[in-house]
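Let's walk through this one together, moving from the overall picture to a few local details. Keep the viewer open as you read.

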Amino acid sequence: MQEHTVLRIIAKLLIAPIIIFALYVQFHGDYSPGGGFQAGVILASALILHALVFGVQATRRAVPPAVLRVTASLGVLIYAGTGVICMLRGGAFLDYDYLAHNPVHGQHYGLLLVEFGVGMTVASVVTAIFYVFAGRGRQPGEHED
Amino acid sequence: MIVQLFHQMPVLVVILPLMAAPLCVIAHRALPAWLIHTAVSWVVFGISFLLFVETRVAGRVVYALGGWAPPFGIELVIDRFSAIVLLLVTGMSALTSLYARASIAAELPRERAYLVYAAMLLCLCGLVGMTVTGDAFNLFVFLEVSSLASYSLIAMGPSRRALLSSFQYLIMGTVGGTFLLIGIGFLYVMTGTLNMADIAQRLQGVAHTHTVEAGLAFIVVGLSLKAALFPLHAWLPNAYTYAPSSVSVFIAATSTKVAVYALIRFVFTVFGADLAFDSLPLGDVLIVLSVAAMLSGSLAAIFQTDVKRLLAWSSVAQMGYIVLGFALATGAGLTAALTHMVNHGLIKGALFMAVGAMFWRMQACSINDIAGLGKRMPWTCAAFVVGGLSLIGFPGTAGFISKWVLLQALMVDHHWLLAAAILVSSLLAVIYIGRVVESLYFREPAEGRKVARGEAPALMLVATWTLVALNIAVGLFGAAEVDATRQAAMSLLGVGQ
């Protein structure tokens, strides 16, 4: 891809706005269409664009599979952990009312946290699936399961 | 705080495995992942036991997720029926966790072992979720959670054919899941709600529309696929044969039972027995299919050379007994179905554990490979013999209790032919179990085959013999079990009417 100057420059220009847009969809999801799943896919698409233009190896160096494994798991833990915090504060599982003194704020925080967990897991898993497909045919030692 | 947690038990059984699975992935090593899996499995089993006791006293435990009152929010409902299934699933998970360490270390590459533990926890989460949920759509979601986890578990089997059999299961399982979803969609169209109790109430006026009848048909076919009811069982033999041994143990003992549980739950709690069995011929259809399953499964088992595959075909036959009891749609029939769900879990768990231990020793488990093992692995082989006797229905074992209860249920309604079919199928079981036992005890190892000595590791034996002991205990003191299952069946019929 070294010779495709246009592609490389456009990709460089686009990747950062795509990530910003993903964050917008993520954190504005409770007021407008969007949310964790959509944001996660958009974020992953930025990484996939990076891999398509600069090579999978470069992306793997920037976002190693071992990190994805941890972030994918952490996302689930953030989701379930939010529910458990509600339980520990006296409510039912995922009863956001108990997250803050004001139930309206509680619902707001709860939704943001849960969606953040979803986004994190979705972005990590979509990228990891892309790595697996892109990495087919390499020697097994290179894989990170 | 403790009292607080006591009220949270219905949701804890679901979310503890859900949270433990990512922890296993983060831990990334076999030993910590196994420790997490074992600890969580036993804790969940303990909670399930408390829930079981609670339902014995209170009858029903409900929990509104997120504080949203049903029918708008998702509701978890544990009654006497689901409490018994819950106890079976979590108990098997706890015993499998003891068994899994040595078995998985021998069958899988070290760096993959943590994934098995994580996926087993997700599978547990899905199965438990299906059992405790009171929401139709939520049941579908948990079915998919458990199914996806089991596809990946089967694919991790030691031979390359595991991938193909997992793919077969993936296709069939997805068809089954989709049918279930379509059926639930039809119900939603007619009632505008997803809460099972609420659907049941709103169905009163519209029960005899084609939409609802089609919904029932889709749900029955979809769940029969997951339950491997004849003739939708094609995925099962390969899946059980090529999965890692401890996965075979866990899935064979729980997964199909939970599918049947979900079917019973839909038919009796949501649709009501009147619609399914009086207006529609569900009972007749299921009786024919279950008899076909009993006979064809047992016949096919006789001609298998691989012992795991033999047990898998036997599972197809045993699902016939369970569905037959359910198809009678009487209190006695349901009691028999639930009793055999539990007992078959205990029997198949013990048998698959014994075969897994032989595989651990020999790295193969065809009838020829295990010839003469009786002298070299006495405890494992004895466990197989007792499990086999229980499968046949020998007096003093759990299998006898199930068959006795089922025969009683058939006799009451004068189904003599069906009773005869059960006896024939049991005789066929004598043949296929007899073939394995003959090879274990009365044949010499093949010439030139290296003679492996020594018993399986202690933890594997402990898990296997716990199940064997449970088989005998149920066989000797079956009245307590049948009493519990009868109460459960009655509570279900009470809700359904």
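What is the mean pLDDT of chain A, and what percentage of its residues reach 70 or more? Keep in mind that this is a predicted model. For chain A the mean pLDDT is 88, with 92% of its residues at 70 or more. One stretch to treat with care is residues 141-145 of chain A, where pLDDT stays under 50. For that stretch the model has eight contacts beyond four places in sequence.

With that in mind, let's look at chain A as a whole. Its secondary structure consists of five helices and zero strands, so to speak a plain α-α-α-α-α pattern when you read along the sequence. The C-alpha atoms of chain A fill a box of roughly 60 × 35 × 15 Å along the principal axes. Of the 145 residues in chain A, 36% are buried. If you take the contacts in chain A between residues at least 6 apart in sequence, 63% of them join residues at least 24 apart.

Helix α1 of chain A, residues 5-27, is a good place to zoom in. Its 23 residues should span 33 Å at 1.5 Å a residue, and the end C-alpha atoms are 34 Å apart, which agrees. Which residues of α1(A) are buried? They are A22(A), V25(A) and Q26(A). A general point about helices helps when you look at such a set: an α-helix has 3.6 residues a turn, so residues three or four places apart point the same way. The buried residues of α1(A) pack against α2 (36-54) and α5 (103-134) of chain A.

Now turn to where the two chains meet. On the chain A side, 16 residues are in contact with 17 residues of chain B. The chain A residues that touch chain B divide into eight nonpolar, four polar and four charged.

Chain B is next, with 21 helices and two strands. Is it compact or extended for its length? The radius of gyration of chain B is 21 Å, close to the 23 Å that the globule rule gives for 497 residues, so chain B is as compact as a globular protein of that length. Its C-alpha trace spans about 70 × 55 × 40 Å along the principal axes. Buried residues account for 61% of the 497 residues of chain B. Among the contacts in chain B between residues at least 6 apart in sequence, 79% join residues at least 24 apart.

Inside chain B, have a look at helix α11, which covers residues 245-271. This helix has 27 residues and reaches 38 Å from its first C-alpha to its last, close to the 39 Å expected at 1.5 Å a residue. Where does α11(B) bend? The bend is at I251(B) and amounts to about 40°. The helix is mostly covered, with 27 of its 27 residues buried. Just after α11(B) comes G272(B), whose phi is positive, near 90°.

The loop between α9 (210-227) and α10 (236-242) of chain B also rewards a visit, and L229(B) lies in it. Why does L229(B) count as buried? Because 26 other C-beta atoms lie within 10 Å of it, and the cut-off for a buried residue is 20 or more. Leaving aside residues up to four places away in sequence, L229(B) touches S224(B), L289(B), A293(B), M319(B) and V323(B). The C-alpha atoms of L229(B) and G320(B) are separated by 7.0 Å, although these residues are 91 apart along the chain.

The loop between α9 and α10 of chain B also holds A228(B). This alanine has a positive phi of about 60° although it is not a glycine, and it counts as buried because it has 27 C-beta neighbours inside 10 Å. P231(B) lies in the loop between α9 and α10 too, and the peptide bond joining F230(B) and P231(B) is cis, with omega about 0°.

Two more backbone details are found elsewhere in chain B. The peptide bond from P70(B) to P71(B) is cis, with omega near 5°, and P71(B) lies in the loop between β1 (60-64) and β2 (75-79). A329(B), in the loop between α14 (307-328) and α15 (331-362), has a positive phi of about 60° although it is not a glycine. With 20 C-beta neighbours inside 10 Å, A329(B) counts as buried.

Definitions and conventions
Residues are numbered from 1 along each chain as its sequence is written. Chains are lettered from A and ligands numbered from 1 in the order in which they are written. This is a predicted model: local features need pLDDT of at least 70, side-chain atom pairs count only at pLDDT 80 or more; totals for chains, interfaces and linings use all residues. Two residues are in contact if their C-beta atoms, placed from the backbone, lie within 7 Å. Ala, Val, Leu, Ile, Met, Phe, Trp, Tyr, Cys and Pro count as nonpolar, Asp, Glu, Lys and Arg as charged, and the others, Gly among them, as polar. Helices (H or I, at least four residues) and strands (E, at least two) are DSSP runs, numbered from the N terminus. The expected span of a helix is 1.5 Å times one less than its number of residues. The bend at a residue is the angle between axes fitted to the seven residues ending there and the seven starting there. A residue is buried if 20 or more other C-beta atoms lie within 10 Å of its own, exposed if 12 or fewer, and partly exposed in between; C-beta atoms are placed from the backbone. The radius of gyration is taken over C-alpha atoms; the globule rule is 2.2 Å times the number of residues to the power 0.38. pLDDT is the predictor's confidence in each residue, from 0 to 100.
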